Structures are given as structure tokens and as C-alpha cells.
Amino acid sequence: MITVYSELHKLHHGRGEWMAGQLVPVFEMPRRAEIILSRVQEVRLGEVIGPQEFGLDPILRVHSPNYVRFLQTAWAEWSKLGRTHDALPYAWPVRRMNQGLEPQQIDARLGFFSFDAASPITPGTWTAVASSANVALTAAEQVRGGSRAAFALCRPPGHHAAQDYMGGYCFLNNAAIAAQYLRDQGAERVAILDVDYHHGNGTQAIFYPRADVLVVNLHADPRVEYPYFLGHADERGEGAGEGYTLNYPMPWGTEFPAWMERLEHACRQIQAYGPEVLVVSLGVDTFRGDPISQFRLESPDYLRVGERIARLGRPTLFVMEGGYAVEEIGLNAVNVLQGFED
Ligand code: Q9C
Ligand code: ZN
């Protein structure tokens with residue numbers, strides 16, 4: 001299968017993220033994508049191509065204009081104050097504080113357009129996130145053009161970003177942008193299967209009222225795990241979208257057999273929906289050795305994951321999301337793709 005990759009991801013390299021009362025070195029680092037690329041090349045998965053430029057239109061089909069403008073200008077506004085270190089928010093509007101009016105000052109804007117302090121903005125962040133979206137869109141074009149599958153080696157990841165907020169290392173929702181693009185190019189029904197350890201709150205929020213994009217999440221229970229405020233089992237969509245959001249929260253310590261039971265159930269729901277295209281939000285932070293996660297999948301398990309997804313028999317776009325056991329991330333992610341292919 002073809003991999004789409006851009007070196008521009010390296011322009012996004014935060015120094016620290018806020019965790020447990022401390023600024024700690026970022027987990028979401030450029031080396032992640034480099035190791036995945038090396039593994040793609042090592043196993044000769046297929047050709048590696050660069051992204052085409054799609055411009056702002058497909059991004060604006062998912063994200064609000066104000067939010068996109070914020071991402072484009074945040075670093076300039078921040079550095080105008082003489083700040084040379086990464087931009088991070090420190091104050092957020094909560095219940096009964098903000099009526100949706102966009103603030104002017106950069107610290108207020110950072111809080112207004114985010115839900116955590118784990119997603120630093122650096123001088124190259126906009127260029128990197130725009131190129132990550134182009135990577136997903138280019139891979140979507142491959143699938144649209146008749147390929148059985150394509151791999152978007154996206155970095156930064158995207159599934160925590162919603163219409164108008166960043167968070168969880170995510171700025172633009174690459175999978176959602178690709179899914180919307182596939183809809184706009186004529187696919188009647190698209191399914192998104194999110195297997196990242198964390199709930200894909202951004203993707204869920206974007207498609208929550210809609211029946212034309214089925215969103216299925218397998219993830220750690222938000223009662224105990226980030227992103228905490230979305231992804232419970234009783235969230236099933238709203239209005240016309242009711243029944244088209246499916247959540248499979250699992251406890252800390254979940255092992256592969258229990259995880260695979262949920263994947264089996266999820267795949268049957270996807271089969272019944274009958275999507276023209278499948279988008280997989282591919283996180284491998286379900287790995288036992290992941291430094292911020294609590295599931296226990298082993299490297300060979302990822303081959304089985306790919307095999308099961310392949311049995312859905314749909315044109316499939318894999319979009320890279322999380323995974324922080326950096327030395328093993330290439331093996332684990334590419335195992336899914338190899339399992340899919342054999
Ligand atoms: N104690 C993705 O996998 N911080 N994002 C969690 C854990 C945020 C993960 C802190 C994790 C975001 C794309
Ligand atoms: Zn994750």
C-alpha cells in the first residue's frame with residue numbers, strides 16, 4: 001500500500017506539555033513519524049509519496065473559520081509579546097463564564113480554542129498541521145482513485161481536535177477532514193473506526209448529529225482516562241445522527257482478547273452500516289509499553305487487528321494518530337498495515 005508522508009511535520013516540535021502539575025517533555029515528538037517511516041521502508045510496504053496541496057477549503061468543511069484563523073496567527077500574536085518559548089494556554093472558560101464571544105488577547109484565545117495544556121504551539125505548528133491534513137487528503141485521493149488502502153502517516157495527530165478547539169496533541173482533525181472530503185467527492189456513507197487508546201472526542205463531536213458518517217471508538221473509559229469529558233457508552237449521536245456514534249469504553253489493564261471482542265462487535269456494526277469507504281484512526285498507544293497508556297496489546301496483536309479490518313472488505317484509509325512507545329511505534333503501526341495486506 002502507498003504511504004503518504006511529509007517532512008514538514010518536523011516543524012512542529014514542542015518542548016513541554018502540562019501533566020500532573022508539571023511541565024514535562026512532550027510525548028508527541030518528530031521521531032515518532034521518522035520511526036514509522038523507517039519501518040514502512042524496511043518492510044517494503046510500498047511506495048512513499050509526498051502530499052499534494054489542497055488549500056483551506058477541505059479544512060474549512062470541518063473546522064470553523066475563526067479557529068483556523070487562530071491557528072494560523074497564534075504564534076505571531078504570542079511572539080509579538082516577546083515570548084520565544086512554546087505557546088500554551090493556562091485559563092479556560094467553563095460553565096457560565098463565556099457566551100461564545102471570541103476574546104482578543106492571546107492567552108485568552110489559547111484557552112478559548114483549546115481544552116488542555118498538552119498541545120504546545122511553536123513557530124512551525126501551522127505549517128506542520130496544514131501539511132498533516134494534506135497528507136490525509138492525498139491518501140484519501142489514493143483510495144478514491146481505486147486503491148484498496150492507503151496509509152496517511154500524519155503528524156501531528158488529529159482525533160482530539162474538534163470544529164473549534166485543539167487538545168491532546170491535535171490541531172486539525174486529519175481523519176475528519178479526509179472523511180468529509182470523501183463525502184464531498186461522492187461517497188454516500190463513510191465509517192470512521194478509531195482504535196487509538198484515547199477516545200476520539202474531536203471526531204465524535206464533528207459528526208455527532210450526522211448519519212452519513214458512522215463514528216466508532218474503542219478506547220479507555222473516560223471516567224478514568226483522558227480526554228475525560230467525552231466517550232461514555234451512552235453517547236450514541238443526536239437527532240438524525242442518533243445511533244451513528246458508537247463507543248466501546250474499556251477499563252485500565254484491558255488485554256488483547258477483551259479488546260478484540262469489542263473490535264469484533266464494532267466491525268459487525270460497520271458491516272451492517274455498509275460504508276463506501278472506511279477511515280481508520282490508527283493509534284497504537286494501546287501497546288503494553290506505552291508510557292502514558294494502560295492497555296496491554298503486544299506487537300504481534302497488531303497483525304490480527306489489521307486482518308480483522310481487512311475482512312470488512314472496504315476501501316480503507318489509515319490515518320496515523322497516537323502511540324508514544326517511540327522505539328516500537330513503527331513495528332506496531334506497520335504490523336496493522338501488514339496484517340491488513342496479507
Ligand atoms: N496522564 C493522542 O494519542 N495527555 N493524544 C494525557 C496522561 C494527553 C493523547 C496525560 C494525551 C493525548 C493523539
Ligand atoms: Zn491516543
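In this tour, Ala, Val, Leu, Ile, Met, Phe, Trp, Tyr, Cys and Pro count as nonpolar, Asp, Glu, Lys and Arg as charged, and the others, Gly among them, as polar. The structure on display is a predicted model.

**The ligand**

Begin by selecting ligand 1, which 15 residues surround. Pro157, Gly168, Tyr226, Ile292 and Gly322 are the closest of these. Sorted by class, the shell around ligand 1 consists of seven nonpolar, five polar and three charged residues.

**The annotated domain**

Next, select residues 28–337. An unreviewed UniProt entry assigns to this range the feature "domain: Histone deacetylase". Within residues 28–337 the chain is 38% helix and 12% strand. The C-alpha atoms at the two ends of the range are 21 Å apart.

**The sheet**

Switch to a cartoon view and select the strands. Eight of them form an open sheet with parallel pairing, and the order across it is β4-β1-β5-β10-β9-β6-β7-β8. The edges are taken by β4 (48–49) and β8 (245–250); each has a single partner strand, so one side of each is left without a neighbour in the sheet. In general, the strands of a sheet pair through backbone hydrogen bonds, either parallel or antiparallel.

**Strand β6 and its two partners**

Now select β6, residues 190–194. Which strands does β6 join through bridges? One is β9 (residues 277–282), which runs parallel to β6 and is joined to it by five bridges. Here Val190 has Val277 of β9 as its bridge partner. The other is β7 (residues 213–220), likewise parallel and joined to β6 by five bridges. On this side, Ile192 stands opposite Val215 of β7.

Display the side chains of β6 as well. Val190, Ile192 and Asp194 point one way, while Ala191 and Leu193 point the other way. Five of the five residues in β6 are buried, and the strand is mostly covered.

**A helix across the sheet**

Add helix α5, residues 125–144, to the selection. Helix α5 lies across β1 (2–4), β5 (149–152), β9 and β10 (316–320). Relative to β5, helix α5 runs at about 175°.

**A loop residue**

Finish at Asp234, in the loop between β7 and β8. Is Asp234 buried or exposed? Asp234 counts as exposed, because it has 5 C-beta neighbours inside 10 Å, and a residue is exposed if that number is 12 or fewer. To close, select Phe112 together with Asp234: the two are 122 residues apart along the chain, and their C-alpha atoms are separated by 27 Å.

Key. Residues are numbered from 1 along each chain as its sequence is written. Chains are lettered from A and ligands numbered from 1 in the order in which they are written. This is a predicted model: local features need pLDDT of at least 70, side-chain atom pairs count only at pLDDT 80 or more; totals for chains, interfaces and linings use all residues. Two strands pair if DSSP finds at least two bridges between them. Helices (H or I, at least four residues) and strands (E, at least two) are DSSP runs, numbered from the N terminus. Two residues are in contact if their C-beta atoms, placed from the backbone, lie within 7 Å. Axes are lines fitted to C-alpha atoms, for helices over the stretch in contact, and angles run from 0 to 180 degrees between N-to-C directions. A residue is near a molecule or strand if its C-beta atom, placed from the backbone, lies within 6 Å of it. UniProt positions are given in the numbering used here, feature names are shortened, and annotations may be inferred rather than shown by experiment. A residue is buried if 20 or more other C-beta atoms lie within 10 Å of its own, exposed if 12 or fewer, and partly exposed in between; C-beta atoms are placed from the backbone.
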